Amino acid sequence: MSNSGCGSCSSSGEGCSSSGCGADPREAKLIQQVGRIKNKIVVLSGKGGVGKSTVAANIAVALSLAGKKVGLLDVDVHGPSIPRLLSLSDKKPHIETDCMEPVPWSQNLSVMSLGFLLPSAEDAVIWRGPMKIGMIKQFVTDVAWGDLDFLVVDCPPGTGDEPLSALQTMGQDAQAVIVTTPQGLAVDDVRRSVTFCRQVGNPVLGIVENMSGFVCPDCGKRHDIFNAGGGERLAKEMGVTFLGAIPMDPEMVRAADEGYPFLKVHEHGPTAEALLTIIKPMLALSGSLQETKGGSQELPELKDLSNSDGVARIAVPCAQGRLCMHFGHCEQFALVDVDLKDRSIKNVTMETPPPHEPGLYPTWIAERGVGLVLAGGMGARAQSMFTDKGVRVLVGAPAEEPDAVVRKYLEGSLQLGSNTCDH
Ligand code: ADP
C-alpha cells in the first residue's frame, strides 16, 4: 500500500517516555496505530465451519474493490486460513527491527496473518492466552498498516481470548459482524456472541447468515433447501441489524479451494449481490466519517423502513422548526410518517426528547418506531449507536423544514453535503 512502509509506523512510541510523561511507550504506539484506522470490523462466529473466514475475506475484498484502503488481519492462532483463501500462502512479510510490512493482495488491500510467520501450513501453534493477546496487540502495533479506511479482523470462533483481545485492542468503536448458518444450533451460539459484544461494550454492526439456501449451478437461482431465516429472526429478537444472507454456492467452495476471493471473479448473481448488500452499512459508516462528501451514503429504500402498518417513520432533529446542523443541539424531533403505498406524508408530529445524554437518543428514537434519521451533522459514535438499534442515519441533509427534507428524500432529490459534526 502506498502510504504504509515501515517508515510509517517507525515511531517507537519513545516520544512519551523520553518526554517524561510516564505513558507506556508500547501503549502509546498502539493508540497511535489504532488512530490511523477509521473503521474496525471484527468478524466473529459462535462456532467453526460457518464460513467466517470466507466472509471476512470477501468483505475485505469487496471494500477494497469499492475503492477503500483495507487491511485484513487474521488472528486465528490455531487455524489461520486467510493466506490460503487469497493465494498468499507462500508470501512472507518484510520484517525490520521494530516493524513488519503487511503482505499486499492488491493496491488497496494488505494482509497480515500468523500463517505468514509459521514455517509451513502444517505447523501448529501451541499458545496460551497471554501469548495470543500479545500477538494480536503486536499485529496492530508493529505492522505498518498505514492509514486505513477499514481494518477487517478475522477472529477464531467462540468468545475466547482472541475475540476479546481483538475487540479490546481495537477499542470501543470496533464493530462486530457475527457470521452464522441458519440452523438452530448455530443460531444459539450467535446469541452468546451478541451478549459477549454487549458485555465487552462494543457495538454489533450486524449478523450475516451464511450458507442460507443453495445456488443451483445449472440455473444459477437460489433455492431454500434447509431452514433459512434463523439469523434474521435472531437479529430481530436481539435488536441487531440483519446484514444479509449469503447462499450456499459451489462457486464459493471452488474459489476457496483455488485461492481466489469469490468477488474477484463473480460480480453478478445471488451470492455476489448478497456480499455487496452486506458491505453497504460498512460503506455508509465510512461515508459518515466524511473523507468523502455525503454522496457515498446509501439511500435506503422506503420499503426497508416501513413497519407492519405500511408506514415508514422518519425522524428529523430540529432547532427552531428546521433541521438542525448539530445533532447534539436539537430541541425537538419531527416524526414524519410516510405512507408506503403512495409515498405521501401522512402526519408530522413534533416531540421533545429527554435531556441529551450520550446513548439516550438512539433508544428513544428506536422506541418510537423510527426507521431513518435524516440529520445535518452527527458524530460517528452516535451513528453507530443508531445502527445498533436498527435505525438508519443519513447525514449532511440541508437545514430546511422537516417535511421539505423528507419530501426531497421521497422524490430522490435530497442532496447530502458534508457531515457538519464529524466528531
Ligand atoms: P470458518 O472460518 O467459519 O471456520 P471457513 O470460511 O473456513 O469457515 O469455511 C468453511 C468451509 O465452508 C470452506 O470450505 C468454505 O469454502 C465453505 N463455505 C463458506 N461459505 C460458503 C458458501 N456461502 N457456500 C458454500 N461454501 C461455503
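This briefing covers the overall fold, the nonpolar cores, the ligand site and one helix residue. The model is predicted. The chain has 423 residues, and 52% of them are buried. Its secondary structure comprises 14 helices and 17 strands. The ligand is surrounded by 16 residues, and the protein buries 79% of the 560 Å² that the ligand exposes when taken alone.

**Chain as a whole**
- Contacts with a separation of 6 or more were sorted by distance along the chain: 70% of them join residues 24 or more positions apart.
- The exposed surface of the chain is about 18100 Å².
- Carbon and sulfur atoms supply 51% of that surface.

**Nonpolar cores**
- The largest nonpolar core holds 84 residues.
- Within this core, Leu-73, Val-152 and Met-282 touch the most other members.
- Another core, of 20 residues, lies apart from it. Its members include Leu-323, Leu-372, Val-406 and Tyr-409.
- Leaving out residues up to four places away in sequence, Leu-73 touches Met-112, Phe-139, Val-140, Trp-145 and Met-170. Leu-73 also touches the run Leu-151, Val-152, Val-153 and Asp-154.
- Val-152 therefore appears twice: as a neighbour of Leu-73, and beside Leu-73 among the residues that touch the most other core members, where a core is a set of buried residues joined through side-chain atoms within 4.5 Å.

**Ligand shell**
- The closest residues to the ligand are Gly-49, Lys-52, Ser-53, Thr-54 and Pro-247.
- By class, the shell has eight nonpolar, six polar and two charged residues.
- Four elements each supply at least two shell residues: helix 3 (52–65), strand 9 (204–215), strand 11 (242–248) and helix 9 (250–258).

**Polar contacts to the ligand**
- A polar backbone atom of Gly-49 sits 2.9 Å from an oxygen atom of the ligand.
- For Ser-53, a polar backbone atom is likewise 2.9 Å from a ligand oxygen.
- Asn-210 uses its side chain: an N or O atom there is 2.9 Å from a nitrogen atom of the ligand.

**Thr-387**
- Thr-387 belongs to helix 13, which spans residues 380–388.
- Its side chain reaches the backbone oxygen of Gln-383 at 2.8 Å.
- Neighbours within four places in sequence aside, Thr-387 is in contact with Leu-205 and Thr-241.

Key:
Residues are numbered from 1 along each chain as its sequence is written. This is a predicted model: local features need pLDDT of at least 70, side-chain atom pairs count only at pLDDT 80 or more; totals for chains, interfaces and linings use all residues. Side-chain values use heavy atoms; hydrogens and water are left out. A polar contact is a pair of N or O atoms within 3.5 Å; within protein, one must be able to donate a hydrogen and the other to accept it, and residues adjacent in sequence count only if both atoms are side-chain atoms. Contact means heavy atoms within 4.5 Å. Buried means under 20% relative accessible area, exposed over 50%, partly exposed in between (1.4 Å probe, protein chains only). A residue is near a molecule or strand if one of its heavy atoms lies within 4 Å of it. Accessible areas come from the Shrake-Rupley method with a 1.4 Å probe; for residues, only the protein chains shown count as cover. Ala, Val, Leu, Ile, Met, Phe, Trp, Tyr, Cys and Pro count as nonpolar, Asp, Glu, Lys and Arg as charged, and the others, Gly among them, as polar.
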